[in-house]
Amino acid sequence: MNRLREHIEAITPLTDEEFDYVKDFFILKNVRKNQFLVHEGDEVKYEFLTLDGIYKVFYVDENGKEHILQFAKKNWWMTDYIGFFKQKNATMFVECIQDGAVVCLTLEGREKLSSELHKMEHFFRVKLMNGYIALQQRIILLLSSTPQQRYEEFVRLYPDLISEVPKKYVAEYLGVSRETLSRLYSNTNK
């Protein structure tokens, strides 16, 4: 729980009493490779803060093709946000691709923390704002750039992920074939 406190206090400080109250809303969960935290069709009970490991958030289209929306590593938040905030069944999956741990928070817990502690409302607002910004930047990049530019931006933003995530997942995230990714990698490393 010290890591949770450090994560929150990067945005807003908490007293020991405040953190003792906050931490009771979170559940620690160890996660194994290939384990699903969210599965399409299931109730979305939690939002997850990644403590360790690497995860992917994805959906599967009607042709059975995977589309990765997000990777998550240490200190990143993830879930099927449509299902979580609208309290609907999941349309996406959250899968662990490298053993790790997360802390889980319910929507009810999030709302209660936000209403009872202004500091936590501020924390969640900042995290949500940063998430929206990252999402818009990703959409713009997908719509207006070449595969080479998307690859270079991925490497710039997430240099550690390029070596830790299987190449087929990186290709799916970038919207290119595995073969195209190999060419992009070769072109960049000449």
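**Exercise 1. Place Arg110 in the fold and find out what surrounds Arg110.**

Solution. Start with the secondary structure: Arg110 sits in helix H4, which covers residues 107-116. Helices here are DSSP runs of H or I with at least four residues, strands are runs of E with at least two, and both are numbered from the N terminus. Before going on, note that this is a predicted model: local features need pLDDT of at least 70, side-chain atom pairs count only at pLDDT 80 or more, and totals for chains, interfaces and linings use all residues. Residues are numbered from 1 along each chain as its sequence is written, and side-chain values use heavy atoms, with hydrogens and water left out.

Next, the surface. Arg110 has a relative accessible area of 6%, so it counts as buried. The cut-offs are under 20% for buried, over 50% for exposed, and partly exposed in between, with a 1.4 Å probe and protein chains only.

Last, the neighbours. Skip residues up to four places away in sequence, and Arg110 touches Glu47, Phe84, Phe85, Leu105, Phe124 and Leu128. A contact means heavy atoms within 4.5 Å.

**Exercise 2. Is Lys86 buried or exposed, and how far is its C-alpha atom from that of Val44?**

Solution. Lys86 belongs to helix H3, residues 81-86. Its relative accessibility is 58%, so Lys86 is exposed. Now the distance: Lys86 and Val44 are 42 residues apart along the chain, and their C-alpha atoms are separated by 9.4 Å.

**Exercise 3. Look at the backbone of Asn34 and Asn75, and say where each residue lies.**

Solution. Take Asn34 to begin with. Its phi is near 75 degrees, a positive value in a residue other than glycine. Asn34 is in the loop that joins strand S1 (27-31) to strand S2 (36-38), and at 47% relative accessibility it is partly exposed.

Then do Asn75. Phi is near 70 degrees there, again positive in a residue other than glycine. The loop in question runs between strand S4 (66-72) and strand S5 (77-78). Asn75 has a relative accessible area of 28%, so it is partly exposed.

**Exercise 4. Which residues does Leu161 contact, leaving aside neighbours within four places in sequence?**

Solution. Find Leu161 in helix H7, residues 161-164. With 1% relative accessibility, Leu161 is buried. Its contacts are Ile54, Phe71, Lys73, Trp76 and Phe154. For a distance along the backbone trace, use Ala72: Leu161 and Ala72 are 89 residues apart in sequence, yet 9.7 Å apart C-alpha to C-alpha.

**Exercise 5. Zoom out and describe the whole protein chain.**

Solution. Count elements: the protein chain has nine helices and six strands. Then check the size. For 190 residues a compact globule would have a radius of gyration near 16 Å, and the 18 Å of the protein chain agrees with that. This radius is taken over C-alpha atoms, and the globule rule is 2.2 Å times the number of residues to the power 0.38. Along the principal axes, the C-alpha trace spans about 55 × 35 × 30 Å.

Now the packing. Of the 190 residues, 41% count as buried. Among contacts with a separation of 6 or more, 69% are between residues 24 or more positions apart.

Finish with the annotation. UniProt, in an unreviewed entry, places the feature "domain: Cyclic nucleotide-binding" at residues 29-108; positions are in the numbering used here, feature names are shortened, and annotations may be inferred rather than shown by experiment. In the model, that span is 10% helix and 55% strand, with its end C-alpha atoms 19 Å apart.
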